[in-house]
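Subject: A structure for you to look at

Hi,

Here is the structure I promised to pass on to you. Have a look at it first, and then read my notes below with the model open beside them.

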Protein chains: 2
Amino acid sequence: MSKIIFKGDIVFTPTKDKFQVHKNSYLVVEEGKVTGIYGELKKEYKDYPLRDFTHKMIIPGFVDLHLHAPQYPNRGLGLDKELIPWLETYTFPEESKYKDKDYAKKVYSRLIKELWKVGTTRAVVFSSIHKESTKLLMDMFIESGLGAYIGKVNMDRNTTLNLMENTEKSIVETEEIILEYRDKSPLVKPIITPRFVPTCTVKLMEGLGELATTYGIPVQSHLSENTSEVKWVGELHPEFSNYASVYNEYKLFGQTNTIMAHCIYNTDEEIKLMANNGVFAAHCPYSNFNLSSGIMAVRKFLDKGVPVGLGSDISGGNSLSISNIMAATVQASKIKWLETDKALQPLSSSEAFFLGTKGGGSFFGKVGSFEEGYDFDALIVDDGNLGDIDELSLEERIQKFIYIGDDRNIIERYVHGKKVEEPK
Amino acid sequence: MSKIIFKGDIVFTPTKDKFQVHKNSYLVVEEGKVTGIYGELKKEYKDYPLRDFTHKMIIPGFVDLHLHAPQYPNRGLGLDKELIPWLETYTFPEESKYKDKDYAKKVYSRLIKELWKVGTTRAVVFSSIHKESTKLLMDMFIESGLGAYIGKVNMDRNTTLNLMENTEKSIVETEEIILEYRDKSPLVKPIITPRFVPTCTVKLMEGLGELATTYGIPVQSHLSENTSEVKWVGELHPEFSNYASVYNEYKLFGQTNTIMAHCIYNTDEEIKLMANNGVFAAHCPYSNFNLSSGIMAVRKFLDKGVPVGLGSDISGGNSLSISNIMAATVQASKIKWLETDKALQPLSSSEAFFLGTKGGGSFFGKVGSFEEGYDFDALIVDDGNLGDIDELSLEERIQKFIYIGDDRNIIERYVHGKKVEEPK
């Protein structure tokens, strides 16, 4: 594994404004990292093993910044319902099942297989409140070869009895997972996961913020997904000027690396706080369509310097495919521009691609691009059935793959230079 | 073929408000038409051949009311461009190629195979201006076993030189096709296809309206897809009070069966005219997203009694899959409701399913449902990989198929009672 050369049509986005393309070129990987891309192979590399994908595209692996593992069986269910009945009829009953490790194992093995299939090489994942199932999920990810941050969900108020935690126990179990997993694997790590402000008491948030900063563990949660939620947080915490400030007060907002999903109704002040604290926004367009949440003004966040990535948010979202979600991201931005605010220039294909690779990948470090020093996380894409590859430019081919390709076009996946085989 | 029984889990939408489901039931087909659905097989049917699809779903075939056959190679291309540069860079150059019948044959065979694959059993199709390629496309559809209306495009103003027709010739060639094909096949028929008002002179529209009413041939065109187009029509025809009235004046608006694609910026008066004249609207949500056209207020049209179906509108639309488009229809309606007009109640899954089956199917007669007397156009769906079919209701299974299924779930296709094999 130490040194390999990949040959093919290389496409990635060091910046969001355009695709960088290298037709029929050589990409050199050493110790799992990209060390260079060359039009002709230098002499010194002649003896390295060569993986020849001539006429195939080599692109960064996809990064999913927000998904709920236990909701996998509910994809495509209940999407005629409003958020609250949907949670009560489908989401909470399903999540309650994960106290059973055998059930968890069955579902999680399907989920990981599906992530592999659609080309997601790194994911940031909500598990359920259950410690054992969460640890199982982490072990299964380690086994798979895919990269992930995985968080045991914390909630100790405003939820169904089945899913209500004792505050102390919630904190203690979270710490146990941190201690057991923080150094267990280079690719799979714990992340602190308060579900969202309405389901977490101040005491719980304080405890989790303390764990985050003490151990240097990242954080994920939800922010401003819909208007009733924002109103609710205002009622629960009138002492704060806005929703984001609640997380910020309890050291859950960029004091360590942080992702907030949705960010549809953020105020300008909240956006500024995200930019200052380097808090990532996970944009989940399918989920936001399906649950009638709204459309995040992604352009505004990008302009203000907030790091942004894409999320599938199953099962609010129906698709795990980040390439589908890239297309939906462009579409959502066009509708936002057209129906709501002409100041928000629609996103381009390269911008959506950037968000689904390097944008989200940056949460993992040097991930999601093929610049020197980046982890070689990659997909090999055979797009021969999508158009005449001799006639099309690489920019056109990648756009076709985003809009009309699917998992059948992905023939191999790599994480940190290592080929990931189909999970059992 | 005269009498067959199909056994399985039957789902369809006689009305849009809900799915009608028949778990583990028998559907009887005689002379290509549905004659009944039974929980237990009557004695009189015991000797009929039985196709046993136990545990599989049997659903109506999908109907695509609007697509441009020659744009098939352009799916997923140029969607960062605005409408006019997109037309000039991609659409018109591609459409010019169809004077070459060999090229047309290559593309059209792929298109028909793809339609078959995604479960579209009936389609209403724009060809190009070229008579020979249009006839070829009709012959290829006849050969395939799928149902279609296919129209040679007419345009004699405001287009590129390559695609500009002589008015007389355009009318004469259209008539030739009508005479040759109106009785050639029960499933594949000609349709009169003025591209849209801006590219058709009054003389051309008059001639085409005359052909439509003389021979009783249906009509398809575009209406109010975007604001500049609507403005342009107003400038070209200040003598009319609105866009629809131009078509209506020249007998191209319901004097024979008519489909108008898009209908995003229709006035209430135009909607009323469509309802009165029974003019179908083809809703094409992906195309309307991709080209930043807007979102059709489908709810309003349904409430006013306008017949509505779904269209892929490739290559403005990127997907030919009507099940994908059903999901996009629900999503688009939710965004419209949320971002634009709270009076427009979002569409449900059953409503979207209705639009993509019986809604569009009604343009073909008794098509798109399994009520008595309807053509048996059907898909056999194996949804075993989408969820636990023993635990899920049929309403939940069909919703899952719409949101997360794909062509791999469709294992057989039927048109008018006859199995359609994969086109060569």
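Let me start with one term, since you will need it right away: a salt bridge is a side-chain nitrogen of Lys or Arg within 4 Å of a carboxyl oxygen of Asp or Glu. Side chains of opposite charge can pair when their charged atoms come close. Between chain B and chain A, the count is 4 salt bridges. Please keep in mind while reading that this is a predicted model.

**Where the two chains meet**

One of the salt bridges to look up joins Glu339(A) to Lys336(B), where the closest N and O atoms are 3.6 Å apart. Across the interface of chain B and chain A there are also 28 residue pairs in polar contact, with both residues at pLDDT 80 or more.

Which parts of chain B supply the side that touches chain A? Helix 9 (285–290), helix 11 (322–340) and helix 13 (394–404) of chain B each give at least two residues to it. The largest share, 8 residues, comes from helix 11 of chain B. If you sort the residues on that side of chain B by type, you get 15 nonpolar, 13 polar and 10 charged.

How many residues are in contact? On chain B there are 38, and they touch 38 residues of chain A. The size of an interface is often given as the accessible area lost when the parts come together. Here, chain B and chain A bury about 3,500 Å² between them, and 45% of that is on carbon and sulfur atoms. Within chain B, the residues that lose the most area to chain A are Lys334(B), Glu339(B) and Arg408(B), which together make up 17% of what that side buries.

**How the copies are related**

Try laying chain B on chain A: a turn of 180° with a shift of 0.0 Å along the axis does it, with an RMSD of 0.0 Å. That is the relation of a two-fold axis. Glu339(B) turns up again here, as its C-alpha is the one in chain B nearest the axis, 3.5 Å from it. Because 100% of the interface residues of chain B are also interface residues in chain A, the copies meet through the same surface.

**The sheet**

Next, find the open sheet in chain B, where 7 strands follow the order 3-2-1-4-15-16-17 with mixed pairing. At its edges are strand 3 (33–38) and strand 17 (418–419) of chain B, each of which pairs on one side only. Strand 1 (residues 3–12) and strand 4 (residues 50–60) of chain B run parallel and are joined by 5 bridges. As a place to zoom in, Ile10(B) stands opposite Ile58(B) in strand 4 of chain B.

Chain A gives you examples of antiparallel pairing. Strand 1 (residues 3–12) of chain A pairs in this sense with strand 2 (residues 20–30) of chain A over 9 bridges, and Lys3(A) has Glu30(A) in strand 2 as its bridge partner. Strand 2 of chain A also pairs antiparallel with strand 3 (residues 33–38) of chain A, over 5 bridges. In that strand 3, Gly36(A) is the bridge partner of Val28(A). The hairpin of strands 2 and 3 of chain A has 2 residues between the strands, and Glu31(A) takes a positive phi near 50° there.

**Some details to hunt for**

Over all chains, the structure holds 54 salt bridges. One of them joins the side chains of Glu176(B) and Lys131(B), at 2.4 Å from N to O. This pair links distant parts of the chain, 45 residues apart: Glu176(B) is in helix 4 (residues 167–181) of chain B and Lys131(B) is in helix 3 (residues 131–144) of chain B.

Which peptide bond in chain A should you check for a cis form? The bond from Ile314(A) to Ser315(A) is cis, with omega near 5°. Ser315(A) lies in the loop between strand 14 (308–310) and helix 11 (322–340) of chain A. In chain B, the bond from Ile314(B) to Ser315(B) is cis too, with omega near 5°.

Last on my list is Asn24(B), which has a positive phi of about 45° although it is not a glycine. You will find Asn24(B) in strand 2 (residues 20–30) of chain B.

Enjoy exploring, and write back with any questions!

Best wishes

Terms used
Residues are numbered from 1 along each chain as its sequence is written. Chains are lettered from A and ligands numbered from 1 in the order in which they are written. This is a predicted model: local features need pLDDT of at least 70, side-chain atom pairs count only at pLDDT 80 or more; totals for chains, interfaces and linings use all residues. Side-chain values use heavy atoms; hydrogens and water are left out. Contact means heavy atoms within 4.5 Å. Buried area is the accessible area (1.4 Å probe) that two parts lose on being put together, summed over both. A polar contact is a pair of N or O atoms within 3.5 Å; within protein, one must be able to donate a hydrogen and the other to accept it, and residues adjacent in sequence count only if both atoms are side-chain atoms. Helices (H or I, at least four residues) and strands (E, at least two) are DSSP runs, numbered from the N terminus. Ala, Val, Leu, Ile, Met, Phe, Trp, Tyr, Cys and Pro count as nonpolar, Asp, Glu, Lys and Arg as charged, and the others, Gly among them, as polar. Copies are superposed by least squares on the C-alpha atoms of residues with pLDDT of at least 70 in both. Two strands pair if DSSP finds at least two bridges between them.
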